[in-house]
Amino acid sequence: LCDMMSPEDAAYYLQRTFEDGMLDLLKSLRKGHLDKNTCFAGGVFLNVLGNTLIKESGIFEDIHIPPFTDDSGVHFGAAIWGCYENEEDISLPDNLALLGRDFHNDEIVQYLDMFDLCYRDYDIDIVADLIKDNKIVAWFEGESEIGPRALGHRSLLANPTYEYNWERLNLLKTREKWRPFAPAVLLDDLNRYFEGCLLYTSDAA
């Protein structure tokens, strides 16, 4: 059937078929198998449209999907389960997405010197001017992220007022031109512009 459709129609058909099948399965599992509050994991739960349907379906009172829901989170889940089984205390960081290694400035400078790269002290005003002038900025900060999504600590920043930057960044990253990017706003303005979070669709004001 998909062979007779345009790529856009085929993608829509597959997505809707997936969503319908997923909701039917979860409704069945909810009867006697899954709790009203359930945590989901697995690569399929990187599908934000499907996740949003689950959240809004009313099948569950509450759901949780971790930011590393793909295979990169298996070891984390296994460790947590082991602690639970052994009745050990479990302490989780405030941001589960940032479980990777942190780099100190002297270590970063050592690598920059190793490759004879020019650098200067960090200045947020310089970064803002670079983005304003339509330069692409590679952002490296704090702990590395876990999971398949860039969440602000290892990211490329570009000026969204230039429409062609969408294609420009995807070319730089050697990705398909339709691949999306996440917007960035000041933390104080988050609720002013967005509703939702990483693994769900979000309405923008």
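**Notes on the helices, strands and a few residues**

1. Let's start in the strands, bearing in mind that this is a predicted model. In β3, W139 sits opposite S155 of β4. The two strands, β3 (residues 137-140) and β4 (residues 154-157), run antiparallel to each other and are joined over 4 bridges.

2. Stay with β3 for a moment and look at its side chains. In a regular strand, side chains alternate between the two faces of the sheet. Here V137 and W139 point to one face and are buried, whereas A138 and F140 point to the other face and are not buried.

3. Next, the helix pair near the start of the chain. Two packed helices are described by the angle between their axes and the distance between the axes. For α1 (residues 7-30) and α2 (residues 48-57), the angle is about 35° and the axes are 10 Å apart. Their crossing is right-handed.

4. Which residues of α1 and α2 meet? From α1 come Q15, F18, E19, M22, L23 and L26, and from α2 come L49, G50, L53, I54 and S57. Sorted by class, this contact has 7 nonpolar, 3 polar and 1 charged residues.

5. D20 is also a residue of α1. D20 counts as partly exposed because its relative accessibility is 41%. From D20 to G50 is 30 residues in sequence, and their C-alpha atoms are 9.2 Å apart in space.

6. Please have a look at I65, in the loop between β2 (62-64) and α3. Is I65 buried or exposed? With 8% relative accessibility, I65 falls under the 20% cut-off, so it counts as buried. Leaving aside residues up to four places away in sequence, I65 touches F40, F45, N51, L199 and Y200. F140, by contrast, is 75 residues from I65 in sequence and 26 Å from it in space, C-alpha to C-alpha.

7. Helix α3 (residues 74-85) has 12 residues. From first C-alpha to last, α3 reaches 16 Å, close to the 16 Å expected at 1.5 Å a residue. Just after α3, E87 takes a positive phi of about 55°, so to speak a small detail to check on your screen.

8. Finally, N170 belongs to helix α6 (residues 165-172). N170 counts as buried because its relative accessibility is 0%. Its contacts, not counting residues up to four places away in sequence, are R175, E176, K177, W178, R179 and F181.

How values were computed. Residues numbered from 1 in each chain as written. Predicted model: local features only at pLDDT ≥ 70, side-chain atom pairs only at ≥ 80, totals over all residues. Heavy atoms only, no water. Axes fitted to C-alpha atoms, helices over the stretch in contact; angles between N-to-C directions. Left-handed = near helix turned anticlockwise from the far one by under 90°. Contact = heavy atoms within 4.5 Å. Nonpolar A, V, L, I, M, F, W, Y, C, P; charged D, E, K, R; others polar. Expected span 1.5 Å × (residues − 1). Buried < 20%, exposed > 50% of the residue type's maximum accessible area, 1.4 Å probe, protein only. Pairing = 2+ DSSP bridges.
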